[in-house]
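I opened this entry to work through the structure element by element. My notes follow in the order in which I looked things up.

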Amino acid sequence: MSTDLIVLTLNEIDGFKKLMPQVKREWVNDIIVVDGGSTDGTIEEAQKMGFKIIIQKIKGHGGAILEGFNASTADNILIFGPDGNHLPDEIPQLIEKMKEGYDQVVITRFGVGSVNLDAGTLDRFGNRLFAFLSNILFGGHFTDTLNESRIISRKAMEELKFDATKFSSTQQMSIRGLKKRQKIFEIIGNEGERIGGKRKMRSFRVGKELSLQIIKEFVFWKY
């Protein structure tokens, strides 16, 4: 069972320099960096480290995931953001759990015992609200439907007909996974502090996007 690591970057030079040397190449078959147009040296650093680099053409967070998926030929793709929120030791945990036959395995930042060093009060409330709505409407047991730190099989990804190119991308993966009755597992994890760079997510704009997506997925159950 092969796995490719999809690393999403946009001006994350500080986090990239600190975290990517901690990612052991033997963990995965290939490492693919999908860059959204960095101007801070992230691309050059990735080149120095010898990673395969794709300059993103489809805009948005989900667009980067889609381009990484299309560039991979592995059985599974594992999504990682080198901004400090995700920890490198999550990678082998996700891969090992996936071997038990799951379609998706997700790191939850809001499970019992999780430590979250980046989310503010509004972010915590929003994450819990969207997880609650997804569970009630689509029959899940998530504590975190939004985290990008996850591994998904190629078969499961194709089944989702993934087309959410913005920040609602990971919520779509969670919701459509529930609708397709995929076998999904949450690993209790943490969220570290951001390392340099600028936060890309804007709470109110993304909250509106997530809300509209939930309504659309419920009203148009089949896709």
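**Glu90 and its surroundings**

I began with the contacts of Glu90: beyond four places in sequence, Glu90 touches Ile107, Ser149 and Asn190. I note here that the model is a predicted one. Glu90 belongs to helix H4, which covers residues 90–98. I then checked the charge of Glu90 for a partner. Glu90 is buried and has no salt bridge. Arg109 carries the nearest side chain of opposite charge, and that side chain is 8.3 Å away. The cut-off for a salt bridge is 4 Å between a side-chain nitrogen and a carboxyl oxygen, so Arg109 does not qualify.

**Strand S5**

Ile107, one of the contacts of Glu90, led me to strand S5, residues 104–108. How many residues of S5 are buried? I found five of five, and I put the strand down as mostly covered. I looked at each face in turn. Gln104, Val106 and Thr108 are buried on one side, and Val105 and Ile107 are buried on the other.

Next I looked up the strands that pair with S5. Strand S6, residues 150–153, pairs with S5 in the antiparallel sense over three bridges. Val105 has Ile151 of S6 as its bridge partner. Strand S7, residues 184–188, runs parallel to S5, and five bridges join the two. For Thr108, the bridge partner in S7 is Ile188.

**Helix H3**

I turned to helix H3, residues 61–71, and asked how many of its 11 residues are buried. The count is nine, so I describe H3 as largely enclosed by the rest of the structure. The buried residues are His61, Gly62, Gly63, Ala64, Ile65, Leu66, Glu67, Gly68 and Phe69. I also listed what covers these buried residues. Strands S1 (3–9), S2 (30–35), S3 (52–55) and S4 are included, as are helices H6 (154–160) and H7.

**Val33, Pro82 and Ser2**

From strand S2 I picked Val33. Val33 counts as buried because its relative accessible area is 1%, and the cut-off for buried is under 20%. Beyond four places in sequence, Val33 is in contact with Val7, Thr9, Phe16, Ala46, Phe51, Lys52, Ile53 and Ile54. I also took the C-alpha distance from Val33 to Thr170, which is 18 Å across 137 residues of sequence.

Pro82 sits in the loop between strand S4 (76–80) and H4. Its relative accessibility is 1%, so I recorded Pro82 as buried. Which residues does Pro82 touch, not counting residues up to four places away in sequence? I found Val7, Leu8, Thr9, Glu12, Gly15, Phe16, Leu19 and Met20. The C-alpha atoms of Pro82 and Met20 are 7.1 Å apart, with these positions 62 residues apart in sequence.

Ser2 lies in the segment before S1. Its relative accessibility is 19%. Ser2 counts as buried because the limit is under 20%. Leaving out residues up to four places away in sequence, Ser2 touches Asn29, Ala74, Asp75 and Asn76.

**Helix H7 and the loops beside it**

I counted the buried residues of H7 next and found 11 of 11, so this helix too goes down as largely enclosed by the rest of the structure. Among them are Ser169, Met173, Arg176 and Lys179.

I then looked at backbone angles in the loops. Lys161 is in the loop between H6 and H7. Its phi is near 50°, a positive value in a residue other than glycine. Lys161 is exposed, at 51% relative accessibility. Just after H7, Arg181 takes a positive phi of about 55°. Arg181 is in the loop between H7 and S7, and it is exposed with a relative accessible area of 78%.

**The second largest pocket**

Last, I looked up the second largest pocket, which holds about 220 Å³ of space. Helix H7 (169–179) and helix H8 (203–219) are the elements that give two or more residues to its lining. H8 supplies the largest share, five residues. The lining includes Asp163, Lys166, Gln172, Arg176, Glu209, Leu212 and Glu217. Two of these names, Gln172 and Arg176, also stand among the buried residues of H7.

Key:
Residues are numbered from 1 along each chain as its sequence is written. This is a predicted model: local features need pLDDT of at least 70, side-chain atom pairs count only at pLDDT 80 or more; totals for chains, interfaces and linings use all residues. Side-chain values use heavy atoms; hydrogens and water are left out. Buried means under 20% relative accessible area, exposed over 50%, partly exposed in between (1.4 Å probe, protein chains only). Helices (H or I, at least four residues) and strands (E, at least two) are DSSP runs, numbered from the N terminus. Two strands pair if DSSP finds at least two bridges between them. Lys and Arg count as positive and Asp and Glu as negative; His and the chain ends are not counted. Contact means heavy atoms within 4.5 Å. On a 1 Å grid over the protein atoms alone, a cavity is a set of points where a 1.4 Å probe fits but cannot get out, and a pocket is an open set with protein on both sides within 12 Å along at least five of seven lines; lining residues have an atom within 4 Å of a point. Grid points are joined across faces, edges and corners, and a volume is the space filled by probe spheres set on the points.
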